[in-house]
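Got the viewer open? Here's a short tour: some aromatic rings to select, then a pocket.

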Amino acid sequence: MNQRRSRRPAPRPPEGTPAPAELARMARSRLADAARVAHWADAALGPGGDDATADGKATLSETTAKRAAGDLGLTAAQVRADWDTARLAGLVEVHGDSARPGWRLRAWDRDDSAVLRGWVALFDAWSLAHPEPPDHEPAAVAEVVSAMPQVLSFLQLSAGPVPVEQLLDLLQQRVTELRTERCEISYEPDPEAPTSAVPAAGTPAAEPVPDLAPLLDWALHALACVGALTYGDGQATLTPLGSWAVWVKLEQICVAAQSPAGNIEQGAEDMLRGCAQLRPNAARAEYRAWLAARPVGGAVTELIDAARGEDALLRGLAFEALRVVGAPAEADVRAVVDEPTLRPYALLWLAEHDGADPEDAHEVLTRQEATWLWVDTAAAVADHGEAPLLVRHLESAVQPTVPQLLDEVRAVGHPRTVQVLVALAAAHPDPALAKAVRRAAFQVHTGG
């Protein structure tokens, strides 16, 4: 008897959590100034607006900031701060020297979920919302950012004010754990340390954790800036929005841990391999679950490193996962545009990110880039797919005839060209075409 797998019931937020409409009202209130500047920019700088090209671009130049300040009755500094918040919340999207309204701004007044997603995006970017203290090693700052989810989880479970001293102890413990996981340990005894403090031979001693009080103070102030908590009188308390957001993050991790594919604890390469046989929607759910369990910056780096490998299938899947990441991955994707192996994928990603229809995005590629991508995709199909898929892949080539495709494939210089052509010749049912493909493979192999 076939038994239908029961769905996991929809989780309910903790008791006392405001209704979604009330949470959205709070988020709108918190982001009101940012939305006001974003709406101003849309009206004043958008197509058809008066003096829309006065600055030559739609970014917030000094001239634009002063103009907005005059129109809105603010200072230029306030406009810039609100503009930065709008960018972090996805109310405006900046691409190089131009900016455009984000989809959340378009849905601002009618879609509570869009507003809440915008606030959660700001919450995720809390470390960018408040200047970090000077004279601290970037590694120490990164450790605190990585450790703060545990601090926030403790605040959420406490459901009330927590003394900063208690949070500092927790932060130091978590940073120590992070360093231990990375094996940042010292085997050399300190000659000035008392004998009792020197570890026994062969016992590693963890590096001492520096004073984290200034960095905890910065983190709590930054989280207060985005509206996730209140901070003062030596204690911190999550706001209703902050408590709800932390619960959402914890729930995402729980869902990921229970996912059928179980990829949450895998590295990017193994996670992508695990998703290779999933349908697109299921794969995207796995990508989201995997991303929810780790800092976005590190996850993007892992995905791009996986894309640099020899497996063409992982290259394509890595960029599918980067599409789920969205805007936070833009800078990293732009940084690899000049890498020949990643260039076609990066250009397509950026075109779609800039609003191009996925079906038309290929138009940003040159003929040579499109041919290189065709070979790379064929390599993925040859390694992981079935023969009929490779034959059907012929139809996606930009060249109108097979001889023309073979000429351009031979010229493009893809390292897997020979293997792809041999596999295609073996799979194709037309003997004459298969013979032509084998001849092309031989010519590439011999350099002819």
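Searching the whole structure turns up three aromatic pairs (ring centres of Phe, Tyr or the six-membered ring of Trp within 6.5 Å; planes under 30 degrees apart are stacked, over 60 edge-to-face, the rest tilted). This is a predicted model, with local features needing pLDDT of at least 70, side-chain atom pairs 80 or more, and totals for chains, interfaces and linings using all residues. Numbering runs from 1 along each chain as its sequence is written, and side-chain values use heavy atoms, without hydrogens and water.

Select Trp126 and Trp218: they make a tilted pair, 5.4 Å centre to centre with 45 degrees between the planes. Trp126 sits in the loop between helix H6 (112-124) and helix H7 (138-158), and Trp218 in helix H9 (residues 213-225), so the pair ties together parts 92 residues apart in sequence (helices are DSSP runs of H or I, at least four residues, numbered from the N terminus). Trp218 is buried at 3% relative accessibility (buried means under 20% relative accessible area, 1.4 Å probe, protein chains only).

Next, pick Phe319 and Tyr345, a stacked pair with centres 5.6 Å apart and planes at 25 degrees. Phe319 belongs to helix H14 (residues 312-325) and Tyr345 to helix H16 (residues 343-353). Both Phe319 and Tyr345 are buried.

Keep Tyr345 selected and add Gly316, Glu320, Thr377 and His393: of the 39 residues lining the second largest pocket, these five are the closest to its centre (a pocket is an open set of 1 Å grid points where a 1.4 Å probe fits, with protein on both sides within 12 Å along at least five of seven lines; lining residues have an atom within 4 Å of a point). Finish on H17, which gives the most to that lining, with nine residues.

How values were computed: Helices (H or I, at least four residues) and strands (E, at least two) are DSSP runs, numbered from the N terminus. Buried means under 20% relative accessible area, exposed over 50%, partly exposed in between (1.4 Å probe, protein chains only).
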